[in-house]
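I opened a fresh page of my notebook today, ready to look through a new model. Here are my entries, in the order I made them.

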Amino acid sequence: MIDAGRFARASAPLAFALAAVGFVVVLVLWARGGGTVDLDWIPTLDARLSFRLDGIGALYALLATGVGAAVFAYSWRYLPLHLSHQGRSRSEELRFYALMVLFMVSMVGLATAEDLLLLFVFWDLTAIASYFLIAYDRHEPVSRYGALMALIVTGVTAVLLLVGALLLYSEYGTFALDELVEVAAPSATVTLAGCLIALAGLAKSAQVPFQFWLPRAMAAPTPVSAYLHSAAMVAAGVLLIGRTYPLLERSQLVLDGLLVAGAASIVVGGLLALTRDDLKRVLAYSTFSQYGYVVVMYGLGGPLAAAAAAFYVIAHAIGKSALFLTAGAVTEASGGRTRLSQLGGLGRSMPGVAAASAVAAASIAALPLTVGFFADELFFEAALERGTAATVGAMLAAGLTFAYLSRFWLLIFAGPVRVPVHRIPRAMSGAVAALALAALIGGVVTAPVAELAGDAGEASTGLPVELAAAYHLDLRTVNLLALGSWAIGLIGLVSLPLTAPALRAFAHAGARVGTERIYGETIAGLNRLSDRIHDFEVRDVRTRVAAVLVPGGILVLLGVIATPTEGAYVVRGISDDEVALVIGLALVSVAALGATVPRRHLTLALALASVGFSLSAVYAFFGAPDVALVAVLVETIFALLFIGVFALLPSRVLRREASLPTRLSRRWRDPLVGLFSGAVAFIVAWGALSRPTATESVGSEHRRLTPDAHASDTVTAILADFRGLDTLGEITVVAIAFAGVVGLLRRGRLR
Amino acid sequence: MRGTPTSVLTQVVSRLLLAPILVIAVAVLVKGYADVGDGFSAGVIAALGILLQYMAFGRAETERLLPIRLVPLLAFVGMLVALVIAAVPLLRGDAILTHAPGPRQDVVALGTLELITAVGFDVAIFLLVVGAAVGIIHAIAVVAEGEKR
């Protein structure tokens, strides 16, 4: 590319502008009441390009573009530093922004898609983009491992989404969500499809039992984590649940499943976040714990819970992306330190970032004056509707969040100074501050956020929701619950030295018997299986050929025995003009028999070529000059290339292989297999040729059509026109084989 | 191909044969729609002609005389042309690989060569086959030289 460097430098502002413009456009469209786009896509499959900007769509599109803009502004300064630490060229920025923008666009598409197939396409696009983004530091094995894990977990479960969509389609004949919602009645199919779709959503949102991919994905550069693992990729899972909620809601089983998975995620994520040392790991565990809240709220059911879930997603995305960006800034300022135990006292030297991240953490921990406060208030209200057990659980969960976020912030910014601090670019701290400001504004001017979440809840459940988010300075139950959760959080924080060994034991047990272990074993097992099949396939070609020919021959023979034989095998005389043909065929037979004799590779290649040449003579006699020409040419060039390839093999290997004695068992097996399969093929061909064809054959149809193709040579017309698609496939094979051969010769073992 | 010195007679005959072989290849290609032969045969004939030069002169000399390095590129050009010819009808709403002009429409003809997209497709096959075959010959020759050293 011409001056890739300059283009790469321009890509950050471009991406930022795109995200900012996208944000404003979505905002304006939503303020005007949304809208729909509906175009034909694949009419034969009833798939449509249908988009709808409703509450959910606007919410996630705004998150994707808004947080996207902040992250792009941040990486404008962060990415050059990141690349220069690793000694990489700045031109690699281009790839980063291209993938991030692809991700952002797919996310907006996912948020607004109304058609299940379309949803699936965007779903997979986000998975693919995230794979490359997580593996952006591609020289690091950890990055590649994490990226592959994220791709496998979310990609395999994406198939469940597709299966669910197809199930619904087979039952109701449409992929359109709005139509499905109208016609789908509670039934086994809807439950099953709902389960599959919910599983896909849970895997994408890293909920238990799929949680393990998220901490591994932290090998990604910080802006990627801040974007994908706060506002986009992970949010896509709950977006799917919110989008298909009217269907999921029809089955209590699905709702209960969501409740269990969400609750388990809150507990597992929260407990593990309390003990992790790595900055981004803490945030990763915190993320899936927080999305556990959202999933629980969907599981609780009802329009209020759905709206509360949407509200929670907004509050969390803003706060968590700010915290991820803080982690990146802290690592940068401290000269590459990524562990809580290595940091401390940074509050004095980076007061701005400290204050901004305190606001962000407070928002997630639901302190007043931040948008998160209302998120938790709504959470408590939804739990209260469900009963005492849910309420107590909610309070404990909120306490847990408060504890690990306080620990995270205090270990970085409070305490004694442990490391020298470098200055960091303004744009980086600015992005953190902007997100923190958004959290503060949302905590004071609550109406827009509440309206957006209410709209999203309405889109999920079809019932209008009024979210009232305002401060009440009295002792109502939710306020008491909030106070209680902070108290629990403080107790948890103070008692951490006592509980830490138990928590570590818990983490250790999870690593030994958890789903990550199962994933690892499965992948390793598949690898071994694939190796074994490969070994089995390639070690002994003759056995493999025999394993295909013998069962195939037996099956065909059974068919031949089962069909009536009367008149099926005709023997007739040879007319005078067929004598040449018979002589040619006799030559072919002799050549074929002769090809079984030689032991030296070169002689064998020449003997095989002589079979081909005599066969092309037969074609020529038979009145097929086109085929004869191609056969002669192919035999010639293949014989020559064969000889050329033999020249590459060490001659002593060839000699040794040729002088190996045939094993006694093989001496009889191979000819018998050959004779048997040859005899079966002969019988079938004889039977087929004995039947006179009454109807017009394909051949004469082709001959009749040849003038229409402006041709006088039927064979060429067939190749280029009538069967052009076959030819296209074949030449594609030639091109791929060419690439493969050259690749092997240049870099493979032959060199 | 191992660079064993071949006699002057072989070299002279090979060089003299190159032009006729290429002409025959082009003839087979051009006349493909009217007579025996097609792009595939033409491609193999041309590749055999070039292979003969490798046999007689060795790799270095052949690649000095002919722009061999560019020939493998033809494979990708051919693939691209074939895909374009296959895909363009889709844009007009026709089935894939619908050739123009259609049945019973007028065709511009230059002798036996008719200017129809099916012939373009055939030419693409020709390019692909020449490119792939010569590319493989070149790769084998390079490795064979390395073996010898």
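**Entry 1: a hairpin**

How many residues lie between S1(A) and S2(A) in their hairpin, and which residue in the turn has a positive phi? I looked, bearing in mind that this is a predicted model. I found 4 residues between the two strands, and the turn residue with a positive phi, about 60°, is A:Asp46.

I then followed the pairing of the two strands. Strand S1 covers residues 35–42 of chain A, and strand S2 covers residues 47–53. They run antiparallel to each other and share 7 bridges. I picked out one of the partners: A:Leu39 is bridged to A:Leu49 in S2(A).

Is S1(A) well covered or hardly covered? I counted the buried residues among its 8 and got 0, so it is hardly covered.

**Entry 2: unusual backbone spots**

I noted a rule of thumb first: most residues other than glycine have a negative phi, and most peptide bonds are trans. Then I went looking for exceptions.

The loop between helix H7 (188–204) and helix H8 (213–216) of chain A holds A:Pro209, and A:Ala206 sits in the loop between H7 and H8 too. The peptide bond from A:Val208 to A:Pro209 is cis, with omega about 10°. A:Ala206 is not a glycine, yet its phi is positive, near 55°.

Is A:Ala206 buried or exposed? I call A:Ala206 buried because it has 29 C-beta neighbours inside 10 Å, and 20 are enough to count as buried.

Another positive phi turned up at A:Leu369, at about 75°. This residue belongs to the loop between helix H16 (351–364) and helix H17 (371–386) of chain A. A:Leu369 counts as partly exposed because there are 15 C-beta neighbours inside 10 Å.

**Entry 3: the nonpolar cores**

I reminded myself that nonpolar side chains in soluble globular proteins tend to be buried together. Which residues touch the most other members of the largest nonpolar core? They are A:Met297, A:Phe311 and A:Ile314, in a core of 201 residues. Helix H14 (residues 303–333) of chain A is the top contributor to this core, giving 22 residues.

I stayed with A:Ile314 for a moment. Leaving aside residues up to four places away in sequence, I listed what A:Ile314 touches: A:Leu59, A:Leu63, A:Val371, A:Val449, A:Leu452 and A:Ala453.

There is also a second, separate core, with 62 residues. Among its members I wrote down B:Val30, B:Ala46, B:Ala47 and B:Ala141.

I also checked A:Ala438, which lies in helix H19 (residues 426–444) of chain A. A:Ala438 is buried because 24 other C-beta atoms lie within 10 Å. Along the sequence, A:Ala438 is 78 residues from A:Ala360, but their C-alpha atoms are 9.3 Å apart in space.

**Entry 4: domains of chain A**

The domain assignment splits chain A into domain 1 (10–494), domain 2 (495–536), domain 3 (540–569 + 669–692), domain 4 (575–660) and domain 5 (694–751). I noticed that domain 3 is written as two stretches of sequence. Taken over C-alpha atoms, the centres of domain 2 and domain 4 of chain A are 56 Å apart.

**Entry 5: chain B**

What pattern does chain B follow along the sequence? I read it as α-α-α-α-β-β-α, which fits the tally of 5 helices and 2 strands. Along the principal axes, its C-alpha atoms fill a box of roughly 60 × 30 × 20 Å.

Chain B has 149 residues, and 42% of them are buried. Of its contacts with a separation of 6 or more, 71% link residues 24 or more positions apart. On confidence, I noted a mean pLDDT of 84 for chain B, with 94% of its residues at 70 or more.

**Entry 6: where the chains meet**

How many residues of chain A are in contact with chain B? I found 39, and they meet 44 residues of chain B. The elements of chain A giving two or more residues to this side are helix H27 (625–648), helix H31 (714–722) and helix H32 (724–747). H27(A) gives the most, with 14 residues. Sorted by class, the chain A side has 26 nonpolar, 7 polar and 6 charged residues.

My last jotting was on the scores: the model has ipTM 0.90 and pTM 0.75.

Methods: Residues numbered from 1 in each chain as written. Chains lettered and ligands numbered in written order. Predicted model: local features only at pLDDT ≥ 70, side-chain atom pairs only at ≥ 80, totals over all residues. Contact = placed C-beta atoms within 7 Å. Nonpolar A, V, L, I, M, F, W, Y, C, P; charged D, E, K, R; others polar. Buried ≥ 20, exposed ≤ 12 C-beta atoms within 10 Å, placed from the backbone. Pairing = 2+ DSSP bridges. Domains from an automatic or database assignment. Core = buried A, V, L, I, M, F, W, Y, C linked by C-beta atoms within 7 Å. pLDDT = per-residue confidence, 0-100.
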